[in-house]
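Hi everyone, thanks for making time. I'd like to walk you through a structure, so please have the sequence and the 3D view open in front of you.

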Amino acid sequence: MDNLARPGSETNRRELVSKGIDVRHGDLRLASDLETIGPMDFVIDAAALPSVLAGVDGANSSLQLVQHNLLGTIHLLELCKRHHAGFLLLSTSRVYSIEALTSLSLDIQKDAFVVSDTTDPGLTDDGINENFSTAAPVSMYGATKIASETMALEYGLTYDFPVWINRCGVLAGAGQFGRADQGIFSFWLHSHLRRQPLKYLGFGGSGHQVRDCLNVRDLSQLVSTQIASGDRKNVPRTINVSGGQASAMSLKQLTQWCDDRFGKHAIQSSDEERPFDLPWVVLDSALANQHWNWKPEVSMNDTLEEIAVHAESNPGWLELSQ
């Protein structure tokens, strides 16, 4: 189900229908739109205004953000309660505390920020684990996702249906609609190839800020395993799911990859500081490996290459999602 509000989403609908998938046009904010849905075995909640700027950038209101990201989830949980179906929430690394993340001790190595002190119990040598602080501020977007996580867990416990919560790193892959505030790897590659203006914002305009990358095909493998498992006992309900350190890359490193692949393109620098920007976010997915025998299989280079090939084959892709 999709309300098709995001530019370009109609393209996804045609692709899904061509594969024999029943796609319903509906809005999760309206409980009545779900009345004809079901029965089902599992619900995957991937619906959200997915940007940390949502509700504050003028494109959507704060109330729209809460209605999409929290009320929509509650309506889906009511659906699961009614049909005793499992529920899987795709959450985000942005549930982790902005204040804690901006206070990390960082060094610069090979044109990228690296953490120099991992004594925090929420940090390991592999990144941020599930014990890292989720205290406010986390942004309005992050707050709606934390609230959704909590409601999902409570519904599952109270009404006895399985709930799994995956806190994802930055999703990426061919066919993703990229924007500067969401889908940054896709946005950067498509923009670089088209010689569109690109800019390093904040942190001295260096481009040293780092994110990890999660190929959607790796995520789909975990989701399939979780759904097939039903309701396993003694397994953490909330886990990080990410490419981790092996997929971590700074914007400057990403530009270097693009320069090698597409030819050089000048990037502007700006000292502009934005309130929700973070210098370094890399997730440790050890729990996913320990309890689900899952680890990412698609390398960072392969993910970038598949985006590059898609970008070369779809010259108007950026315009579709603006």
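I'll talk about the sheet and its helices, then the salt bridges, then the cysteines. One thing up front: this is a predicted model.

Let's begin with the sheet. It is an open sheet of four strands, in the order β1-β2-β7-β12, and the pairing is parallel. Which strands sit at the edges? Those are β1, residues 42-45, and β12, residues 238-241, each of which pairs on one side only. If you look at how neighbouring strands are turned against each other, the average is 20°, with direction ignored.

Now zoom in on the pair formed by β2, residues 86-92, and β7, residues 163-168. These two strands run in the parallel sense and are joined over six bridges. If you want one position to click on, take Ser 91, whose bridge partner in β7 is Arg 167.

Two helices to show you here. Helix α4, residues 139-159, packs on the sheet and touches β2, β7 and β12. The direction of α4 makes about 160° with that of β2. Helix α6 packs on the sheet as well, with β1, β2, β7 and β12 among its contacts. For α6, the angle is about 170°, taken against the direction of β7.

On to the charged side chains. How many salt bridges does the count come to? The total is 13, and I've picked out a few of them.

Start with Arg 217 and Glu 306, where the closest N and O atoms are 2.4 Å apart. Arg 217 belongs to helix α6, residues 216-229, and Glu 306 to helix α9, residues 300-313, so this salt bridge ties together parts that are 89 residues apart in sequence. Arg 217 itself is partly exposed, at 43% relative accessible area.

Helix α9 turns up again in the next pair. Arg 261 and Glu 312 form a salt bridge with their closest N and O atoms 2.8 Å apart. Here Arg 261 is in helix α7 and Glu 312 in helix α9, a separation of 51 residues along the chain. Buried or exposed, you may ask, for Arg 261? In fact Arg 261 counts as partly exposed, at 26% relative accessibility, and Glu 312 is also partly exposed, at 40%. While we're on shared partners, Asp 231, Lys 233 and Arg 237 are joined into one network by their salt bridges.

My last pair is Asp 111 with Lys 252, an N to O distance of 3.8 Å. Since the cut-off is 4 Å, this pair is within it. Asp 111 is in the loop between β3 (106-109) and β4 (112-115), while Lys 252 is in helix α7, residues 251-262, and the two are 141 residues apart. Asp 111 is partly exposed at 25% relative accessibility, and Lys 252 is partly exposed at 29%.

Finally, the cysteines. How many disulfides are there? The count is zero. Take Cys 168: its nearest cysteine sulfur is that of Cys 213, 12 Å away. The cut-off for a disulfide is 2.5 Å, so at 12 Å Cys 168 is in no disulfide. Cys 168 is buried, with a relative accessible area of 4%. Cys 258 is in no disulfide either, and for Cys 258 the nearest cysteine sulfur is again that of Cys 213, 12 Å away. With 0% relative accessibility, Cys 258 counts as buried.

That's my tour, and I'm happy to take questions.

Notes:
Residues are numbered from 1 along each chain as its sequence is written. This is a predicted model: local features need pLDDT of at least 70, side-chain atom pairs count only at pLDDT 80 or more; totals for chains, interfaces and linings use all residues. Side-chain values use heavy atoms; hydrogens and water are left out. Buried means under 20% relative accessible area, exposed over 50%, partly exposed in between (1.4 Å probe, protein chains only). Two strands pair if DSSP finds at least two bridges between them. Axes are lines fitted to C-alpha atoms, for helices over the stretch in contact, and angles run from 0 to 180 degrees between N-to-C directions. Contact means heavy atoms within 4.5 Å.
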